[in-house]
Every structure is written in structure tokens, then in C-alpha cells.
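This report describes one protein model for a reader who has not seen it before. Please look over the sequence and the structure, then read on.

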Amino acid sequence: MKKTFNKVVLAYSGGLDTSIIIPWLKETYGCEVIAVVGNVGQKSELEGLEEKALKTGASKIYIEDLTEEFVNDYIFPTIKAGAVYEGKYLLGTSFARPLIGKRLVEIAKAEGADAICHGCTGKGNDQVRFELAVKAFAPEMPIIAPWRIWNIKSREEEIEYALKREIPIKITYETNYSKDMNLWHLSHEGLDLEDPANEPNYEKILELSKTLEQAPDVPTYITLTFEKGVAVALNGKKVSGVKLIEELNKIGGENAIGITDMVENRLVGMKSRGVYETPGGSILYKAHKDLEELCLDKETSHYKEQIALKFADIVYNGQWFTPLREALSAFVDKTQETVTGEVKLKLYKGNIVNAGMTSPYSLYSEEYATFGEDAVYNQKDSAGFINLFGLPITVQAKMAAKIKSEEK
């Protein structure tokens, strides 16, 4: 990488890392800094970013509304795939980064920038996600990652750096959780959470969700309508994907839905502990999975579970813009052609309970499944089926008996 740059595009959030990176870039390279904010639904965190970026040395700031694209092109395909990382994480940070990275490249090219910068640490996953997106669309573009080259060693030193330069920050040494918020989720890492032996202080850290103790003592019922694997209506009312997730976040948060405490395996090899709040996402995953039980045949359903594991790894690892992810999405889309119908759910103190579902493509047949009398299923047929299905076991048992007899 060349040691001087004229114009650098920075992935900017206004958080601690990127707040100090603007003056650091100018001090280190003497370059112009253009801040780019990817609006993926972080709402209040966007307030005052333009003024803050310009005051700390940026020559220009882009605040790009990516929420619709985020939902339709990243969130919904991942839900359809059923992708959940390590059985718990609904990939909230993971699938936002490739989208932002793509937009960074588009702006960098339009501005004639000669480098892209991000504030990800050398220990985390996001450095990979951002940089793979840049490589996908501008493989020749230099990437500056200050955490890999500057002398700052901790978030405490970052705070000190900011205070010395009178850079406004919203956190202190005592409230220095590392957070990521978007339309889909809110994550919390650091401080007391770094010791897995500590129970999270949910009353202190939760922002989207109530605690189990605070949730209502009566259940909330909702109905979701799906078309080809995508939720399109809430309680019978058509709604956009963005609005749907916003509404489900409110409803789910009120009922303490989607709070996850997990120790995950990072891409770089270490384990990390974090708390995730994903109220609306948890509801959507549950409803979608329930509807698939009704609409997918056994072989497709079971094979799709294998695809879901790989899809989750791909998203987590930042490999969104790859032929394999595109191919898996094509497979998933084919499976979703009949995943259409309505799912009713009961939400109660952190639980999401199926309360009934219907589909015009339902493969459930009461006529065949009934415990009562029927005119379509001959129970005598099962004897021949079991004989053939169990033939390998029968042959194995006879062989073992023969060997045992000969040994005597």
C-alpha cells in the first residue's frame, strides 16, 4: 500500500472508532476524508452525524438510505435460507456489512478516491466482511485499517485520544460496551460480558427488549402472511419489509422476544461472548420455519437444513458476493415457491408459540394422518414396507448369528 493518499473514503458510524479515525487519517496521511454512513436502520445513531463528521475534519459526508435494499436483498434471502449461525445468531451485523461495503466502493469510484478505510479491529469479523466486499467490486482499491497499524491498543486509549482532541463521544470508560445497531438487531459486547461466568445485567443493557420480568402477564397474538417465503402482511394488513420489521421489533420487544446470550466462534479463530437483541427477526424466523413444516416435503426440508448451515457460515464469514452464495440462494428460492400461507403466533415472556397455520400448498393431509377411520390408507401395506426397509438389518443380524454359531 502506498504511504500517502489524496482522498480516502471512510466507513463512518460516528461511534468511538470512526470518530477518532477522521483526525487520525488527516494527521497520518494528510489526506481529504469523505465519510460514508450506511443507513441500515440505526435511527437515533444517525442524529448529528453530519455536523460531527464535518467538525472532526471530514470534507464531505454521505448518509445513504440502504434500508429497503438491506431488507429485500439481504435479510429476506437469509430468512428464506433458514440460516442461523451456530444455532443462535441471526446474523444482524454479518449481512449488513457487505451491503455497506458495496456502497463504499460505489462512492469511492464516483469521488475518485484512492483508498477506502474502515474502523474494524484486527480481532473481529467485520474487517473481513468489509474487505471482501471491496475486493468483490474494486479488487485494486487499497484498504486502510487503522487498528492494524496505529499505536492505539485499547478502547480506553481511544477515549483518551478523543478527549485530547475534544472529539465528542457518547460513551465513557464505565459505559464502554461495543454495540452495533441496525433495523434487524442490537448487539452488546465487552466490559462484564467478556467473562462468560457473568450473568448479563439485562436491565442495564437492553434497549430494544423488555426483560422477562417486565414483559406482560398476558400473551400477544399476531398473524403473519407469507408469499413465496417472504412475510408480506401483519395481522392481515399489507406492509413493506422495513415497516414489518419495525412493527415486529416493537411487539417482540414488549414481550421480551429475541434476547440471545452466546459464546460464538469468530472467523479469526477466537471465541467471543455477546448479547443480541433481535425481537422482530426471531418472530420472522420462527413463523417462516413453521410454515415450511407445512409446505415442504421431507427430502427437500431435510436437505435444506444442510444448506442453511453452510449459508449461515457464508454470511457470517462475509462471503455474500460469491458464486456459492448466489447458487445456494437460487436453490433456496426454488424451495420457497410453495411457502405461502398464514401463521398465527402467541408471544409470551420470551416465548414464540405456534397458534395455528394454513396454506393453499399444505402437504398435511388429515385424511391420511387421522387416528380415526379412513378410506385412503391400507395399514396392511406397512408390513411389506417394513420388511424391505429393514432388510439390511435382517441380513446383518443373520450374518452375526452365523458367525457366532461357527465360533462355538
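Two strands count as paired if DSSP finds at least two bridges between them. The model discussed here is a predicted one. In it, strand β6 and strand β7 (residues 186–189) run antiparallel and are joined by four bridges. Within this pair, Lys179 stands opposite His188 of β7.

These two strands belong to an open sheet of four, in the order β6-β7-β12-β11, with antiparallel pairing. At the edges lie β6 (178–181) and β11 (259–265), each of which pairs on one side only. On average, neighbouring strands of the sheet are turned by 25° against each other, direction ignored. In general, the strands of a sheet pair through backbone hydrogen bonds, in either a parallel or an antiparallel way.

The protein chain as a whole contains 14 helices and 14 strands. Its C-alpha atoms fill a box of roughly 85 × 60 × 45 Å along the principal axes. The chain has 408 residues, of which 50% count as buried. About 20600 Å² of the protein chain is exposed, and carbon and sulfur atoms supply 52% of that area. Among contacts in the chain with a separation of 6 or more, 73% come from residues 24 or more positions apart.

Two of the helices are set out in the table.

| Helix | Number of residues | Expected span | Distance between end C-alpha atoms |
|---|---|---|---|
| α9 | 17 residues | 24 Å | 25 Å |
| α10 | 19 residues | 27 Å | 27 Å |

For α9, the distance agrees with the span expected at 1.5 Å a residue. This helix is mostly covered, with 14 of its 17 residues buried.

Helix α10 covers residues 298–316. Which of its residues are buried? They are Ser301, Lys304, Ile307, Ala308, Phe311, Ala312, Ile314, Val315 and Tyr316. The buried residues of α10 pack against the helices α3 (67–81), α5 (126–137), α9 (279–295) and α11 (323–335), and also against β11. Strand β11 is thus named twice in this report: as an edge strand of the open sheet, and as a packing partner of α10.

What caps the N-terminal end of α10? Asp297 does, with a side-chain oxygen 3.2 Å from the backbone nitrogen of Glu299. After the helix comes Gly318, whose phi is positive, near 80°.

Technical notes: Residues are numbered from 1 along each chain as its sequence is written. This is a predicted model: local features need pLDDT of at least 70, side-chain atom pairs count only at pLDDT 80 or more; totals for chains, interfaces and linings use all residues. Side-chain values use heavy atoms; hydrogens and water are left out. Axes are lines fitted to C-alpha atoms, for helices over the stretch in contact, and angles run from 0 to 180 degrees between N-to-C directions. The expected span of a helix is 1.5 Å times one less than its number of residues. Buried means under 20% relative accessible area, exposed over 50%, partly exposed in between (1.4 Å probe, protein chains only). Contact means heavy atoms within 4.5 Å. A polar contact is a pair of N or O atoms within 3.5 Å; within protein, one must be able to donate a hydrogen and the other to accept it, and residues adjacent in sequence count only if both atoms are side-chain atoms. Accessible areas come from the Shrake-Rupley method with a 1.4 Å probe; for residues, only the protein chains shown count as cover.
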